[in-house]
Amino acid sequence: MKAAGVMPDLLCYNAALNACAKASMWEPALSLMASMVAQGIRPDVYSFNSCIAACCRGSEIDKAINLLTEMRSKGVRPDGITYGTIISSCDTNLLPHKALHAFAEMRRDEIRHDY
C-alpha cells in the first residue's frame, strides 16, 4: 500500500492487527500498533483488543495487561471482550490472581461480559 502511495487507515490497521491476533503474532501486532500511532492514527477499542488477544494467545499476559492500562490512559474504554480475553488467558495460563484482579476491574468499571 505504502509503495503505491496509499496510506493505511484505521480499518486497514485493525484488519492487520486482527490477523496477527488470530495467528498469535504478538510482536508484529505491537509493531503495527506503534506504526499506526507514529502515523497519527488513534487506536480504538478494536485495535487494542486485537493486540491484547495477540499477546494473550502468545502467553504474554503481562504485555496484555500493560495494553489494558495503556488503553485506559489514552481514553479508550475497555469492553467485555477486552476483559474476557485477559481473564480467559489468565485462566489458561494458571494465573488466578491476575484473573481475579482483571475481574474486579471489570466490575469496578461496570463492564458487562455478554457472551
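## An all-helix chain, briefly toured

Among contacts in this chain between residues at least 6 apart in sequence, 58% join residues at least 24 apart. Please keep in mind as you look around that this is a predicted model. The chain has 6 helices and 0 strands, and its elements follow the order α-α-α-α-α-α from the N terminus.

**Overall shape and surface**

- The radius of gyration of the chain is 14 Å, which agrees with the value near 13 Å that a compact globule of 115 residues would have.
- If you lay the C-alpha trace along its principal axes, the spans come to about 50 × 25 × 25 Å.
- Of the 115 residues in the chain, 38% are buried.
- About 6600 Å² of the chain is exposed, and carbon and sulfur atoms supply 58% of that area.
- Charges are matched in number, with 12 positive and 12 negative side chains. The centres of these two sets lie 1 Å apart.

**Helix α3, a mostly covered element**

- Helix α3 takes in residues 45-57, and its end C-alpha atoms are 18 Å apart. That agrees with expectation, because 13 residues at 1.5 Å a residue should span 18 Å.
- Of the 13 residues in α3, 11 are buried.
- Among the buried residues of α3 are V45, F48, N49 and I52, along with the cysteines C51, C55 and C56. S47, S50, A53 and A54 are buried in α3 too.
- Which helices do the buried residues of α3 pack against? They pack against α1 (10-22), α2 (26-38), α4 (61-73) and α5.

**T82, a buried residue of α5**

- T82 sits in helix α5, which covers residues 80-92.
- Is T82 buried or exposed? T82 has a relative accessible area of 0%, so it counts as buried, the cut-off being under 20%.
- Beyond residues up to four places away in sequence, T82 touches V45, N49, I52, L68 and M71. V45, N49 and I52 are themselves among the buried residues of α3.

**M106, a buried residue of α6**

- M106 belongs to helix α6, residues 96-108.
- With a relative accessible area of 6%, M106 is buried.
- Setting aside neighbours within four places in sequence, M106 is in contact with Y83, I87, I111, R112 and H113.
- For one of these partners, I87, the C-alpha to C-alpha separation from M106 is 9.9 Å, and the two residues are 19 apart in sequence.

**Two loop residues with positive phi**

- As background, most residues other than glycine have a negative phi.
- S59 is not a glycine, yet its phi is positive, near 60°. You will find S59 in the loop between α3 and α4.
- Where S59 stands on exposure is in between: its relative accessibility is 44%, so S59 counts as partly exposed, a class that runs between the 20% and 50% cut-offs.
- L94 also has a positive phi, about 55°, although L94 is not a glycine. The loop between α5 and α6 is where L94 lies.
- How exposed is L94? The relative accessible area of L94 is 72%, so L94 counts as exposed, the cut-off being over 50%.

Note on methods. Residues are numbered from 1 along each chain as its sequence is written. This is a predicted model: local features need pLDDT of at least 70, side-chain atom pairs count only at pLDDT 80 or more; totals for chains, interfaces and linings use all residues. Side-chain values use heavy atoms; hydrogens and water are left out. Helices (H or I, at least four residues) and strands (E, at least two) are DSSP runs, numbered from the N terminus. The radius of gyration is taken over C-alpha atoms; the globule rule is 2.2 Å times the number of residues to the power 0.38. Buried means under 20% relative accessible area, exposed over 50%, partly exposed in between (1.4 Å probe, protein chains only). Contact means heavy atoms within 4.5 Å. Accessible areas come from the Shrake-Rupley method with a 1.4 Å probe; for residues, only the protein chains shown count as cover. Lys and Arg count as positive and Asp and Glu as negative; His and the chain ends are not counted. The place of a charge is taken as NZ of Lys, CZ of Arg, CG of Asp or CD of Glu. The expected span of a helix is 1.5 Å times one less than its number of residues.
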